[in-house]
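Work through the following exercises with the sequence and the model side by side. Try each task before reading its solution.

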Amino acid sequence: MVGGFTRTLSSFVYRNFFKKESVYFTTIVASGVAFSVTFNTMFDRYWDKKTAGTKWEDIKGDYVAN
């Protein structure tokens, strides 16, 4: 059962994403951009939480009069 599903899935992926070079290229580029945006967003959120209270935006009011 698993082998049949794997073959069906791989056939679907090959037919729809890898058979034509233009679609293959577009899939790779779009995946790379999506990964980059997602990774950067998640890391920025993590870093902002980890360094909360120590960044210039957080302490600016203590040193600069508005």
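**Exercise 1.** Is Gly53 buried, partly exposed or exposed, judged by its relative accessible area?

*Solution.* Keep in mind from the start that this is a predicted model. Begin by locating the residue: Gly53 lies in the loop between H2 and helix H3, which covers 56–63. Next, take the relative accessible area of Gly53, which is 45%. Buried means under 20% and exposed means over 50%, with partly exposed in between. Gly53 is therefore partly exposed, since its relative accessible area is 45%. As a last step, place Gly53 with respect to Phe12: the two are 41 residues apart in sequence, and their C-alpha atoms are 50 Å apart in space.

**Exercise 2.** Describe the secondary structure and the overall dimensions of the protein chain.

*Solution.* Start with the elements: the protein chain has three helices and zero strands, and from the N terminus on they follow the order α-α-α. Then turn to the dimensions, where the C-alpha trace spans about 65 × 30 × 10 Å along its principal axes. The radius of gyration of the protein chain is 23 Å, whereas a compact globule of 66 residues would have a value near 11 Å. Now consider the surface: 3% of the 66 residues count as buried, and the protein chain exposes about 6200 Å², of which carbon and sulfur atoms supply 64%. Finally, look at the charges, where the mean positions of the 9 positive and 6 negative charges are 18 Å apart.

**Exercise 3.** Which residues does the UniProt annotation "transmembrane region" cover, and what is the helix content over residues 23–43?

*Solution.* First read the record: the unreviewed UniProt entry places the annotation "transmembrane region" on residues 23–43. Then compare this with the model, in which residues 23–43 are 100% helix and 0% strand, with the end C-alpha atoms 30 Å apart.

**Exercise 4.** Classify the aromatic pair of Phe18 and Tyr24, and then the pair of Phe35 and Phe39.

*Solution.* A pair of aromatic rings is described by two values, the distance of the centres and the angle of the planes. A search of the whole structure finds six aromatic pairs. In one of them, Phe18 and Tyr24 lie 5.3 Å apart, centre to centre, with 65° between the planes, and this pair is edge-to-face. Planes over 60 degrees apart count as edge-to-face, while those under 30 count as stacked. Both partners are partly exposed, Phe18 with a relative accessible area of 37% and Tyr24 at 39% relative accessibility.

For Phe35 and Phe39, the centres are 5.9 Å apart and the planes make an angle of 20°, so the pair is stacked, given that stacked planes are under 30 degrees apart. Both residues lie in helix H2, residues 21–50, where they are four residues apart, about one turn of the helix. Phe35 is exposed, with a relative accessible area of 58%, whereas Phe39 counts as partly exposed at 48% relative accessibility. To complete the picture, Phe35 and Phe39 belong to one aromatic cluster together with Phe43, Tyr46 and Trp47.

**Exercise 5.** How many residues apart in sequence are Asp48 and Phe35, and what is their distance in space?

*Solution.* Begin with the place of Asp48, which is in helix H2. Asp48 counts as partly exposed, at 40% relative accessibility. In sequence, Asp48 and Phe35 are 13 residues apart, and in space they are 20 Å apart, C-alpha to C-alpha.

Terms used: Residues are numbered from 1 along each chain as its sequence is written. This is a predicted model: local features need pLDDT of at least 70, side-chain atom pairs count only at pLDDT 80 or more; totals for chains, interfaces and linings use all residues. Side-chain values use heavy atoms; hydrogens and water are left out. Helices (H or I, at least four residues) and strands (E, at least two) are DSSP runs, numbered from the N terminus. The radius of gyration is taken over C-alpha atoms; the globule rule is 2.2 Å times the number of residues to the power 0.38. Buried means under 20% relative accessible area, exposed over 50%, partly exposed in between (1.4 Å probe, protein chains only). Accessible areas come from the Shrake-Rupley method with a 1.4 Å probe; for residues, only the protein chains shown count as cover. Lys and Arg count as positive and Asp and Glu as negative; His and the chain ends are not counted. The place of a charge is taken as NZ of Lys, CZ of Arg, CG of Asp or CD of Glu. UniProt positions are given in the numbering used here, feature names are shortened, and annotations may be inferred rather than shown by experiment. Rings of Phe, Tyr and Trp (its six-membered ring) pair if their centres lie within 6.5 Å; planes under 30 degrees apart count as stacked, over 60 as edge-to-face and the rest as tilted.
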